[in-house]
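Dear colleague,

I am passing on the structure we talked about, with notes on what turned up in it. Please have it open beside this message as you read.

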Amino acid sequence: MRAVLSDALVFFGATGDLAHKKIFPALQAMTRRGTLEVPVIGVAKSGWTLEQLVARMRDSLEHNGGVDEVAFKKLAARLRYVDGDYAESATYAAIAKELGDAQRPAHYLAIPPGAFPTVIEKLAAAGLSRNARIIVEKPFGRDLESARQLNEIIHRVFDESAVFRIDHYLGKEAVQNLLIFRFANTFLEPIWNRRYVASVQITMAESFGVQGRGKFYEEAGAIRDVIQNHMLQVIAFLAMEPPTGTYAESLHDEQVKVFRMIRPLSPEDLVRGQFRGYRREPGVAPDSNVETFAAVRLHIDSWRWDGVPFFIRAGKCLPVTTTEVTVTLQRPPLSHIAAGDTNYFRFRLSPEVVIGVGARIKRPGEEIATDPTELKVVHKPEGDEMDAYERLLGDAMEGDRLLFARQDGVEAAWAIVEPILRETTPLSEYECGTWGPRDAEALTADVGGWHCCEPPSAP
Ligand code: BG6
């Protein structure tokens, strides 16, 4: 049975960075597609007027994909603005007024997690949580304990079925494709295991720094910002058993199973780095110990993956911006004609979507020799493809929880990184434009090093 549609969207943090970068473009796209025909109420404490918010929305669209005048006009007509302190009841009375006849609002908390408890409590006190859904942004907590507390606070007011925890990687076409590629192709399943796979790597590289988000980043660091969530979700899609179509929670069950089989990380499996110059960023402490780069080696204690190392490296200020997965296969026995790690699957998740299959072919001529080659499919997004945020907000308003993180999954993912958050682990400086600290190379030395990344192809 399809759940009922939310009949209003209230989004807290309307004047913030995320709204500017991701939410307004998603709202415009939904309006254009005809999937957002309800009042949209922005809430923030900026001393702004509705006109200022509309101007901000235009600016956001101009910088992120362009203004579609028809959709913009429709959306602007639906947009309301409530300026107020999240801790004051008057703010919620004003929201209630703007909600008018709406009976089933979706409340989207695009605000720092420190403000979640207050907003949730105040929504309930104002009667705005009745029949409502709650959409929450990452980071979901700072560690296992705070995530548990947050879940507890949310559940005092909202049933888990009304909670939508965003991890926008789950909304990405290319990430979903990992699962489809695995389970929609007969040739893959027989070799997708410890007998044939030698190692798995994910690189999430960003060539830029913290882009003015120093204050946020000081609270996060690479492990909390992207490894505990985005990267572990990718690992789950790569490592999970096939979910079944016979009950809705199956995908979540399989994700959580993978997280529970990953050994909690120990400091020996971690390399942390900080790019030179980070400490001079606005909002960053001059003696900051926060990592802008992290590389880890994971062990999955499962029947399928026992002994196969999974690596993640993620960092800011690296040579390129790309996210890429490489699944390297074992070498065939006749090593004199099959030197090197040239049997692999490569999934580039961004900026463009590529699936590459590494193989060796005969070098033309008399000699018995081989050359490496790659069979490659490139998908260039065209037309009106959905961005992750559009997909996720639309799904949340429809009550479709498939692409959202479930409570036990979030907690199990925190449990994996928990030991390396607690201990003070070494931090090395690296130059911008390099692949992080040298030690990161040593982490993958026994599997032939890091295999990423080809330069992005020309548009
Ligand atoms: C966010 C992180 O969740 O994901 C950012 O907070 C990071 O630090 C971003 O840059 C990357 O997302 P995308 O979709 O641009 O790969």
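Lys172 lies over the face of Tyr169, at 4.7 Å from the ring centre, and I should say at once that this, like everything below, comes from a predicted model. A second charge placed in this way is that of Arg58, which sits over the face of Phe72 at 4.3 Å from the ring centre.

Both Lys172 and Tyr169 also belong to the residues around the ligand, where they are joined by Lys22, Lys138, His168, Met204, Glu206, Arg213, Asp225, His230 and Lys316. Sorted by class, this shell consists of seven charged, two polar and two nonpolar residues. Which side chains place a polar atom at 2.5 Å or 2.6 Å from an oxygen atom of the ligand? For Glu206 the distance from a polar side-chain atom to a ligand oxygen is 2.5 Å, and for Asp225 the corresponding value is 2.6 Å. Lys316 takes part as well, with an N or O atom of its side chain 2.7 Å from an oxygen atom of the ligand. As for cover, the ligand on its own has 400 Å² of accessible area, and the protein covers 81% of that.

Turning to the aromatic residues, the count comes to 13 aromatic pairs. One of them is formed by Phe311 and Trp450, whose rings meet edge-to-face, 5.9 Å centre to centre and with 70 degrees between the planes. This pair links distant parts of the chain, since Phe311 belongs to strand β10 (residues 310-315) while Trp450 lies in the segment after α12 (439-443), 139 residues apart. Are these two residues buried or exposed? Phe311 has 0% relative accessibility and therefore counts as buried, and Trp450 counts as buried too, because its value of 11% is under the 20% cut-off. Elsewhere, ring pairs link Phe181, Phe187, Trp192, Phe345 and Phe347 into a cluster.

One further residue may be worth finding on your screen, namely Val284, which is located in the loop between β8 (270-275) and β9 (293-298). Although Val284 is in a loop, it counts as buried, because its relative accessibility is 10%. Between Val284 and Asp7 there are 41 Å in space, taken from C-alpha to C-alpha, and the two are 277 residues apart in sequence.

With best wishes

Methods:
Residues numbered from 1 in each chain as written. Predicted model: local features only at pLDDT ≥ 70, side-chain atom pairs only at ≥ 80, totals over all residues. Heavy atoms only, no water. Phe/Tyr/Trp six-rings, centres within 6.5 Å; stacked < 30°, edge-to-face > 60°. Helix = DSSP H or I, 4+ residues; strand = E, 2+ residues; numbered from the N terminus. Buried < 20%, exposed > 50% of the residue type's maximum accessible area, 1.4 Å probe, protein only. Lys NZ or Arg CZ within 6 Å of the ring centre and 35° of its normal. Near = heavy atom within 4 Å. Polar contact = N/O pair within 3.5 Å; in protein donor to acceptor, adjacent residues only side chain to side chain. Areas by Shrake-Rupley, 256 points an atom, 1.4 Å probe, with all protein chains shown as cover. Nonpolar A, V, L, I, M, F, W, Y, C, P; charged D, E, K, R; others polar.
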